[in-house]
Amino acid sequence: MHILPQLRELERRFGDALLVIGVHAGKFSAERITANIRQAVMRLEVDHPVVNDRQFRIWQAHAVRAWPTLVLIDPFGRQVGARPGEVSADFLTPILENVLRRAEEAGPLTRRPLPLRPERAVEPDRPLAFPAGVLAAEDGSLFIADTNHHRIIWAKIAGDGRRAEVLALIGSGEAGLRDGDFHGAAFRRPHGLALAGDQLFVADTDNHAVRRVDLSAREVRTIAGTGEQAGFRAGGGAARRTALNSPWGLTVHGGALYIAMAGAHQIWRLELAAEQVHPFAGSGAEGITDGPPASAALAQPSAITSDGRTLYFVDAESSSVRRLDPRSGEVGTLAGTGLFDFGDQDGIGEEARLQHPQGIAWHAGRLYVADTYNNKVRVVDPAARRVETLRWEPNDGLYEPGGISSAAGRLYIADTNHHLIRMVDLARGRLETLDIAGL
């Protein structure tokens, strides 16, 4: 996600002299299925060709060792460079200019576009587009991060929990970073949501920012982030002058906003009154190591929740469920064992296996986890560390659910790749699609 904007900028600068080809060598088994890759290409709005390298043949041919890696092929078909990690368009521009200059000196360089274009799946207009976040409140309020429509939906749930009516659309629907009223404000692929009174907080992921929506004044304001991606192991400071790195999930606890900072492999804390933000837990190294905040290792934390005493979060890349003491910053693990340990298995502690979970919600002594790549909801007993699969009738499936929330004995699930919000009545054990009127 971080490298795509840089590649788009290079394509803009070099035009048909440069062709970008994405080679997708999926770590998770769900990522190796072409249909799932197609969904990701549409969700991330990738406009260059992508090949499914499910057996890692291209990966091995170019001696790749890390995600992401950029390999540069010159006009004569020779590999002239490779660079692992995230790099900027400005860094790569002089390198490409040098390769092109040498190619032109060696002979005429053909700038006609190659007959290689990405497969195009025409998506119909939908009321929702890859919704990644959902938040239900006990008063019946419902908020949806309509991610690829770059907006937030504010709705009211009917008494039976099966229907909702739109109260307001927050955001213009055009991607951007702009404060203002509900109609003029702009988001860029928002994800996680948190609520405190009449203040809604939004993880504006692709803007690398946190936004606050004043529901009474009907205004949107940026409260953290500069709009630029922070560098590795960035520090904190004044919230609006501190760069963030892909904030994904949010929760309010003790007057502070805790941020699952997926791009930094850390949990950050935003002091709302003081308007200061800083890393709270995680060294910045990617891994699954418990312990004090400075030495703990996290792996793409994607959602965070609270039971009023303890914070709980999911680490997508280690397929784990973690806990965090908000007083000491001590990190522990409830389920999950390693960056490459994943699967679909119930059990206790190290026995259990999940696959790239991206959502978590606390309800009545249990944690409900959107087990994204397993297309399931898992139930975690934090005391016993027991992980079970939530069953329901009818046996309808989810498709890479990204967010989950609870209220009034029900779960609300952002069924991301189905472009729907689903509801599970926990007492009846039924899964239904939420009917949203006025959308």
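Let me start with Glu350, which at 48% relative accessibility counts as partly exposed. Before going further, a caution: this is a predicted model.

Glu350 has a partner. The side chains of Glu350 and Arg385 meet in a salt bridge, with 3.2 Å from N to O. This pair links distant parts of the chain, as the two residues are 35 residues apart. Glu350 sits in the loop between strand 23 and strand 24, the latter being residues 359-363, and Arg385 sits in the loop between strand 26 and strand 27. Arg385 counts as partly exposed too, because its relative accessibility is 24%.

Now the backbone at Arg385. The hairpin of strand 26 and strand 27 has four residues between the strands, and in this hairpin Arg385 takes a positive phi near 60 degrees.

That brings me to the strands themselves. Strand 26 covers residues 376-381, and it pairs with strand 27 in the antiparallel sense over four bridges. Within this pairing, Val380 stands opposite Val387 of strand 27. Strand 27 also pairs with strand 23, residues 347-348, again in the antiparallel sense, over two bridges. There the bridge partner of Gly347 is Val387.

Which side chains of strand 27 are buried? Strand 27 runs over residues 386-389, and Val387 and Thr389 point to one face and are buried. Arg386 and Glu388 point to the other face and are not buried. As background, in a regular strand the side chains alternate between the two faces of the sheet.

Next, salt bridges more widely. How many does the structure hold? The number is 29. I will pick out two besides the one already described.

One is between Asp415 and Arg422, whose closest N and O atoms are 2.7 Å apart. Asp415 counts as buried because its relative accessible area is 0%. Arg422 is buried as well, with a relative accessible area of 5%. Elsewhere, salt bridges that share partners join Asp344, Asp346, Asp371, Lys376 and Arg378 into one network.

The other pair comes from that network. Arg378 forms a salt bridge with Asp371, and the closest N and O atoms are 2.7 Å apart. Both of these residues are buried.

Asp415 also leads to the next sheet, as strand 29 covers residues 410-415. What is the strand order in this open sheet of four strands? The order is 28-29-30-31, with antiparallel pairing. Strand 28, residues 403-407, and strand 31, residues 430-433, are the edge strands, and each pairs on one side only. From one strand to the next, the twist averages 25 degrees.

Looking at one pair in that sheet, strand 28 and strand 29 pair in the antiparallel sense over five bridges. Ile404 has Ile413 of strand 29 as its bridge partner. In general, strands of a sheet pair through backbone hydrogen bonds, either parallel or antiparallel.

Last, the surface. Which residues make the nonpolar surface patch of about 520 Å²? They are Leu19, Ile21, Val23, Val51, Ile58, Leu114 and Leu116. One of them, Val23, is placed in strand 1, residues 22-24. Val23 counts as partly exposed, because its relative accessibility is 40%.

Technical notes:
Residues are numbered from 1 along each chain as its sequence is written. This is a predicted model: local features need pLDDT of at least 70, side-chain atom pairs count only at pLDDT 80 or more; totals for chains, interfaces and linings use all residues. Side-chain values use heavy atoms; hydrogens and water are left out. Patches are made of residues with over 30% relative accessible area and no salt bridge: like charges are joined within 9 Å, nonpolar side chains (Val, Leu, Ile, Met, Phe, Trp, Tyr) within 5 Å. Accessible areas come from the Shrake-Rupley method with a 1.4 Å probe; for residues, only the protein chains shown count as cover. A salt bridge is a side-chain nitrogen of Lys or Arg within 4 Å of a carboxyl oxygen of Asp or Glu. Buried means under 20% relative accessible area, exposed over 50%, partly exposed in between (1.4 Å probe, protein chains only). Two strands pair if DSSP finds at least two bridges between them. Axes are lines fitted to C-alpha atoms, for helices over the stretch in contact, and angles run from 0 to 180 degrees between N-to-C directions.
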